[in-house]
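User: I am new to this structure and would like to understand the reasons behind the words used to describe it. Could you take me through them step by step?

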Amino acid sequence: MSHEFIRPQKDTINNPLDDSPKLFDAALTEFAAKPFDNASLNDIIKTCGISKGSFYHKFNNKMDLYLCVMDVISRQKAVYSKDITAVPDDFFEQMRLMFRQGLEFAQKEPRYYAFWRLYLAEGTEVKVAVRRAFPNRSGDTLEALIKKAFDDGQFKSRMPFSFVSGMVKLLINHMDTLITPEMSRTDILSLVDHIVDMLKDGLQARQ
């Protein structure tokens, strides 16, 4: 899946967090612990030991920093993940790969998914800003995969598209709650298989 990041009012190519690991770590910790409105930019700046002047030289505001954190996480996950569209046109095998990648990535850095979970609960203003900054986010890819599988008749005919889409997204968006840091890779893969088998039993059209 391709990745595009459009920074509003700033350099559209460079992400200053790539050269500021301490700022990224401080911002990630804050945004993973608190909703956007409650997150303290002053605490982030104080934790990483930079001046406000230095911060505003590189970033427009707290939202710009938030979007840059999301960009770093998205790029790291893109490197970690395989292209789901490379899998044959079996929706459930595509989901198996997506779940495996997501669960393993969650175990790699729990703060990434704490950040993501808080994002899911954010209001319209934050989500609109994210959609503008990331016009081809993976959520659009998932929706396209579900729609294609639905049109191809891979789901039971009595299942409406809205129900199928909602069930799949519910599992995708909450898969991080199913694992703990001490789980082994084998445990994670076994959990993934159980989830996909449950989806297949409930949604797949008879072959």
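Analyst: What follows is a set of questions and answers on this structure, which is a predicted model.

User: What secondary structure does the chain have, and in what pattern along the sequence?

Analyst: The chain comes to 10 helices and zero strands, and reading along the sequence gives the pattern α-α-α-α-α-α-α-α-α-α. Of its 207 residues, 43% are buried, and the accessible surface comes to about 11,200 Å², with 53% of that belonging to carbon and sulfur atoms.

User: Why is Asp64 called buried or exposed, and what is in contact with it?

Analyst: Asp64, which has its place in helix α4, has a relative accessible area of 2%; the cut-off for buried is under 20%, and therefore Asp64 is called buried. Leaving aside neighbours within four places in sequence, the residues in contact with Asp64 are Arg7, Lys10, Lys58 and Phe59.

User: Which residues touch the most other members of the largest nonpolar core, and which helix gives the most to this core?

Analyst: The largest nonpolar core has 63 residues, and those touching the most other members are Phe31, Leu65, Tyr66, Val69 and Phe99. Helix α4, which spans residues 62-80, gives the most to this core, with nine residues. To take one member, Val69 touches Leu17, Phe24, Ala27, Leu28, Phe31 and Phe115, when residues up to four places away in sequence are not counted. As a general background, nonpolar side chains in soluble globular proteins tend to be buried together.

User: How do you know that the buried residues of helix α2 are on the same side?

Analyst: The buried residues of α2, a helix of residues 41-48, are Leu41, Ile44, Ile45 and Cys48. They cover an arc of only 95° around the axis, and therefore they are on the same side of α2. On the other side of this helix, Lys46 and Thr47 are exposed, while the cover over the buried residues includes α1 (21-33), α3 (52-58) and α4.

User: What makes the buried residues of α6 line one face of the helix?

Analyst: In helix α6, made of residues 110-120, the buried residues are Tyr112, Tyr113, Phe115 and Tyr119. Seen down the axis of α6, these fall within an arc of 150°, so they line one face of the helix. Among the elements that cover them are α1, α4, α5 and α7 (124-133).

User: Why is the pair Arg96 and Asp193 said to tie together parts of the chain?

Analyst: The side chains of Arg96 and Asp193 have N and O atoms at 2.6 Å, and the cut-off for a salt bridge is within 4 Å, so the pair is called a salt bridge. Arg96 belongs to helix α5 (residues 91-108) and Asp193 to helix α10 (residues 185-203), so the pair ties together parts that are 97 residues apart in sequence. The two partners are also described by their accessibility: Arg96, at 14%, counts as buried, whereas Asp193, at 25%, counts as partly exposed.

User: How many salt bridges does the whole structure have, and how do you know that Arg111 and Glu109 form one of them?

Analyst: A search of the whole structure finds 14 salt bridges. For Arg111 and Glu109, the closest N and O atoms are 3.4 Å apart; because the cut-off is within 4 Å, this pair counts as a salt bridge. Arg111 is partly exposed at 23% relative accessibility, and Glu109 is buried at 18%, since buried means under 20%.

User: What about Lys148 and Asp152, and which residues are joined into one network by salt bridges?

Analyst: The side chains of Lys148 and Asp152 meet in a salt bridge at 2.9 Å, N to O; Lys148, with 40%, and Asp152, with 44%, are each partly exposed. Elsewhere, salt bridges that share partners join Glu93, Arg96, Arg100, Asp193 and Asp197 into one network.

User: Why is Met167 called partly exposed, and which surface patch does it help to make?

Analyst: Met167, whose place is in helix α9 (residues 161-174), has 33% relative accessibility; partly exposed covers values between the cut-offs of 20% and 50%, so Met167 counts as partly exposed. Together with Phe163 and Leu170, Met167 makes a nonpolar surface patch of about 260 Å².

How values were computed. Residues are numbered from 1 along each chain as its sequence is written. This is a predicted model: local features need pLDDT of at least 70, side-chain atom pairs count only at pLDDT 80 or more; totals for chains, interfaces and linings use all residues. Side-chain values use heavy atoms; hydrogens and water are left out. A nonpolar core is a set of buried Ala, Val, Leu, Ile, Met, Phe, Trp, Tyr and Cys residues joined through side-chain atoms within 4.5 Å. Buried means under 20% relative accessible area, exposed over 50%, partly exposed in between (1.4 Å probe, protein chains only). Helices (H or I, at least four residues) and strands (E, at least two) are DSSP runs, numbered from the N terminus. Contact means heavy atoms within 4.5 Å. Patches are made of residues with over 30% relative accessible area and no salt bridge: like charges are joined within 9 Å, nonpolar side chains (Val, Leu, Ile, Met, Phe, Trp, Tyr) within 5 Å. Accessible areas come from the Shrake-Rupley method with a 1.4 Å probe; for residues, only the protein chains shown count as cover. The arc is that of the directions from the helix axis to the C-beta atoms.
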